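This report describes a protein chain from its overall make-up down to individual backbone features. The structure is shown first, and the description follows.

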Amino acid sequence: MQLQVLNSPFNQEQAELLNRLLPTLTESQKFWLSGYLAALQPNQVLGSAAPVQNTGKAQSKEVTILFGSQTGNAKGLAGKVGKTLENKGFQVTVSAMSDFKPNNLKKVQNLLVIVSTQGEGDPPDNALSLHEFLHSKRAPKLEGLQFSVLALGDTSYEFFCQTGKQFDTRLEELGGTRLYPRFDCDVDYDEPAAEWLEGVLGSLSESQIDSTPASISDAAPQTGESVFSRTNPFKAEVLANINLNGRGSNKETRHLEISLEGSGLTYEPGDSLGIYPKNDPALVDELLAVLKRNPEEPVTVNKQGELQSLREALISYFEITVLSKPLLEKVAQLSGNPELNELIASPEKLKEYVNGRDLLDIVRDFGPWGATAQEFVSILRKIPHRLYSIASSLAANPDEVHLTIGAVRYEAHDRERKGVCSIYAAERLEAGDTVQVFVQQNDNFKLPANPEAPIIMIGPGTGTAPFRSFMQEREETGASGKSWMFFGDQHFRTDFLYQTEWLKWIETGVLTKMEVAFSRDQAEKVYVQHRLLEHSKEIFAWLEEGAYLYICGDEKHMAHDVHNTLLDIIEKESGLSREKAAEYLAGLQQQKRYQRDVY
C-alpha cells in the first residue's frame, strides 16, 4: 500500500522515503520500530503490536506449545520450535490441542499456539474442541497468561489464517497478554516462522537465558531420518503412470507409481506425498506473449540470487494460476491502474473476479505495464507443493509410493483451465521422468493400533486412495479386524477405481463388506451417504463395538454431507437427541475413532 501525501502528515519527500523503506522491512524490524516509536511517545497507544512491557516479574522457563494441525505442518513446526527452545534452556511441553485439557490453561504462564486453517476458515479437526471451549462461556479468565500465535494458511483462500486470528483475539479477550505479535504465514512458511521464533525467544529470554540467535533449522533431523524433506525434496523416478478410468468416462484418474529407492523416505498408511509441480509451458508462453517479454531474459528467483530465464522461472518456480487479494494489491502498485484499485476496494467484486481467473487474465485486463521482468516476478509467490493421500503400503511395496490423482479440467471465462499438479501428472509425467517429492506425516489419519478393531472407510472417487493403503497394510500384517468400504463415483463400468483389487480383498476376506454408489447409473443420483443410511442399524452396531470411522475426499460437499448423515444414523439408532448425537460423534473424534483426510 503506497503512502499518499494527501492523506498523511508527511511532505512529498518524506512520503517517498517511507514508500521506499516500508516494503523492505521484515516483520521483526517493523515490530522493533513500533516499539521504538512508542518509547519516544509513551502516551500513544499502538494496539496489540506494541511490545510487552517488562514488569520486572521473573520470567518462567516453562513453555507450553499447542498445535492444531490437519496435514502435519503445524505439528512439525511445533516439534522443531520445542526442540529449539529446549536447546535454549526452557522446559517445554508440546501437545496437540485435542490432547490438552482446556482447564489447564489457567496453570500456563507462557503459551505458544501454532495452528493452521482449513477450507472456509475452519479449525483443523484436532483443534475443534479447544477452539469451541475457548469461545464458550466455560472459558476461564487468563490474566496471568503470556501468549503468541503462529498462524498457517494460504493467501489464495478468502479466510486466510482465520483460525489463528481467532485464537489470538480470544486469548486476549480472556485476559492474556501477547508475548509477541501474531505472525500469519502463507504456504511457504519457513522464513516467517523462523522470524517469529526469533522474536518469541527475544521476548522470553530477556537476558536471563542464552539469548544467542536461533532458528527453526537449529533442530536437526533425528538419527535415522531421511535428509529429504519439504524444503529439500527428493528427485524421484516415475515408474508407471496409468489412467484408471475406462473408455468413455467423463473423468481421468491417474495411478502413479514412484520410486523412493535411495531416498531413505518412509511412510505409513494415512500419510501424504508432497509434489512440487510445474506450470503448463503453453500457458507460460501465452503469458510471455501478452507481456511482450523476452523468454530468455534472466531473473533472480530466490534470496540466494539463483538466476533462471524468465520462461523457466515461470514454469518451474513461480505461481501463475491462482489470484489472491495480496497479489492483486501488488499488481496494483506495479501497474498504477485505477480500475484495478477500484476492483480491490470492493470485496464482492474482487471475490467474483478472482474466481476461475489467473495471472494471464490480470495482464490482459489491466496490463501490460512498464515493469521490468525482475519487478514482475518479485510480486509472485513460489509454486506451493500439492499433497496427495498415499495409495500404497510400504510393507507391500518396498521403496515405492503410489498416488491416485484426478485430472482437473474446466471452462471458465471463455478459456480452458487446468489443475497445475493434476495436469502435470496427467499430461507431462511419463515413466522414467523425475518428480520432486517429500513425505508428509499425518498422525490424524491412522489405522487403529489394535489390529482387531473394526474399521469403516468412506472414500468416493480419489478418496479411495488411503483405503487402498489400509487394505494393503492389513493384508500384509494379517490384521483380523472387520473392515467395511463405502465407495462412490459416476459410472460402474468406467469409474470403479481399483475394482479388481477390492473384489480380490472381498474374496480373500481382507475386506469384510463393500458398498458402492454410482450416481449416474440411474435416474436418481445415489451417493455414499445414501448407502450409509441404508445400513444405519449395522453401522451403529459397529460403532458400539468400537469401530473406527474414516472419511477421505472433498470437504466442502461430500465430507459435510457424510458428517450430517452420520449424525442422522446415530440419532435414529440410539434414540439420542440431535445435540447428544453430535456429542457422541465428537466423543469418537476425541478418542481418535473418527478421522478425516479432507481437502
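Helices and strands are here taken as DSSP runs, numbered from the N terminus, with at least four residues for a helix and at least two for a strand. On that basis, Cys161 lies in the loop that links strand E4 (146–152) to helix H5 (162–173). The model is a predicted one.

**Overall make-up**

The protein chain holds 21 helices and 21 strands. Of its 599 residues, 50% are buried. Among contacts in the protein chain with a separation of 6 or more, 75% are between residues 24 or more positions apart. The accessible surface of the protein chain amounts to about 28800 Å², and carbon and sulfur atoms contribute 49% of it.

**Backbone features in loops**

Two residues other than glycine have a positive phi: Cys161, at about 55°, and Asp414, near 65°. Asp414 belongs to the loop between strand E14 (409–412) and strand E15 (415–418). The table sets out the two residues.

| Residue | Phi | Relative accessible area |
|---|---|---|
| Cys161 | about 55° | 1% |
| Asp414 | near 65° | 79% |

Is Cys161 buried or exposed? Cys161 is buried, because its relative accessible area of 1% falls under the 20% cut-off. Asp414 is exposed, because its value of 79% is over 50%.

A further backbone feature is the peptide bond from Gly367 to Pro368, which is cis with omega near -5°. Pro368 is located in the loop between H12 and helix H13 (373–378).

**Packing of H7 and H12**

Two packed helices are described by the angle between their axes and the distance between the axes. For helix H7 (residues 281–291) and helix H12 (residues 359–366), the axes come within 10 Å and cross at roughly 15°. H7 is therefore roughly parallel to H12, since angles under 35 degrees count as roughly parallel. The crossing of H7 and H12 is left-handed.

Which residues in H7 and H12 meet? From H7, the residues are Leu283, Glu286, Leu287, Val290 and Leu291, and from H12 they are Leu359, Leu360, Val363 and Arg364. By class, this contact of H7 with H12 comprises seven nonpolar and two charged residues, with no polar ones.

Definitions and conventions:
Residues numbered from 1 in each chain as written. Predicted model: local features only at pLDDT ≥ 70, side-chain atom pairs only at ≥ 80, totals over all residues. Heavy atoms only, no water. Axes fitted to C-alpha atoms, helices over the stretch in contact; angles between N-to-C directions. Parallel < 35°, antiparallel > 145°, perpendicular 65-115°, else oblique. Left-handed = near helix turned anticlockwise from the far one by under 90°. Contact = heavy atoms within 4.5 Å. Nonpolar A, V, L, I, M, F, W, Y, C, P; charged D, E, K, R; others polar. Buried < 20%, exposed > 50% of the residue type's maximum accessible area, 1.4 Å probe, protein only. Areas by Shrake-Rupley, 256 points an atom, 1.4 Å probe, with all protein chains shown as cover.
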